[in-house]
Amino acid sequence: MGLCLVPLLWTYFGILPSSLRWDTTGPATVRRILTSATLGCREVDTGSVGLLNAPYEVCATTTSVGYDIEFETLDQTRGYAYIQHWGRLGGWFPDQCARHLFGHWWAFNGSTIGSGNNCPLGYGGQGAA
């Protein structure tokens with residue numbers, strides 16, 4: 001019985017956070033953006049960040065409460081976000097499904113919440129800001 005639970009627990013708790021912890025591309029990109037204050041979006045044609053393979057888009061925005069650096073599929077349906085915020089986190093994923101991974105890192109899925117929680121397993125609906 002215990003051996004049957006290990007793959008499920010790894011899939012739920014381990015694979016997404018580990019894919020970012022063992023990857024140097026995402027954190028290096030975040031450091032470069034934060035130190036240079038480069039905002040906007042750009043397409044990346046090669047490589048990967050965690051489980052997100054190229055082509056993908058990197059978008060950096062800032063608001064009065066912090067930074068949001070997203071690594072997302074070109075159709076913006078899923079990806080990772082590095083969110084450095086001051087104060088309340090609400091509003092970063094309006095009407096989307098998101099999951100905190102560790103530290104400032106989140107995974108998000110563009111599934112709309114709708115009338116019920118239609119989020120993938122492990123993700124929660126964030127609601128509108």
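This note goes through the fold, the aromatic pairs and two buried residues of a predicted model.

1. Overall make-up. The protein chain contains two helices and nine strands. Read from the N terminus, the order of elements is α-α-β-β-β-β-β-β-β-β-β, with both helices ahead of the strands.

2. Burial and surface. The protein chain has 129 residues, of which 37% count as buried. About 7400 Å² of the protein chain is exposed, and carbon and sulfur atoms supply 58% of that area.

3. Contacts along the sequence. If contacts are restricted to residues at least 6 apart in sequence, 41% of them join residues at least 24 apart.

4. Aromatic pairs. The count of aromatic pairs is two. One of them is formed by Tyr-82 and Trp-105, with 5.3 Å centre to centre and 70° between the planes, an edge-to-face arrangement. Tyr-82 belongs to strand β6 (residues 78-85) and Trp-105 to strand β8, so this pair ties together parts that are 23 residues apart in sequence. Ring pairs also bring in Phe-71, giving a cluster of Phe-71, Tyr-82 and Trp-105.

5. Burial of the edge-to-face pair. Tyr-82 has a relative accessibility of 13% and therefore counts as buried, the cut-off being under 20%. Trp-105 is buried as well, with a relative accessible area of 5%.

6. Asp-23. This residue sits in the loop between α1 (2-21) and α2 (25-36). Its relative accessible area is 13%, so Asp-23 is buried despite its place in a loop. Which residues does Asp-23 touch, not counting those up to four places away in sequence? They are Ser-48, Val-49 and Gly-50. For Ser-48, which lies 25 residues from Asp-23 along the chain, the C-alpha separation is 8.6 Å.

7. Asn-109. Strand β8 covers residues 105-109, and Asn-109 is part of it. Is Asn-109 buried or exposed? Its relative accessibility is 17%, so Asn-109 counts as buried. Leaving aside neighbours within four places in sequence, Asn-109 is in contact with Thr-77, Arg-78, Gln-96, Cys-97, Pro-120 and Tyr-123. Among these, Arg-78 falls within the residue range of strand β6 (residues 78-85), the strand that also holds Tyr-82.

8. Strand β8 in summary. Trp-105, in strand β8, pairs with Tyr-82 of strand β6, and Asn-109, also in strand β8, is in contact with Arg-78. Both Trp-105 and Asn-109 are buried.

How values were computed:
Residues numbered from 1 in each chain as written. Predicted model: local features only at pLDDT ≥ 70, side-chain atom pairs only at ≥ 80, totals over all residues. Heavy atoms only, no water. Helix = DSSP H or I, 4+ residues; strand = E, 2+ residues; numbered from the N terminus. Buried < 20%, exposed > 50% of the residue type's maximum accessible area, 1.4 Å probe, protein only. Contact = heavy atoms within 4.5 Å. Areas by Shrake-Rupley, 256 points an atom, 1.4 Å probe, with all protein chains shown as cover. Phe/Tyr/Trp six-rings, centres within 6.5 Å; stacked < 30°, edge-to-face > 60°.
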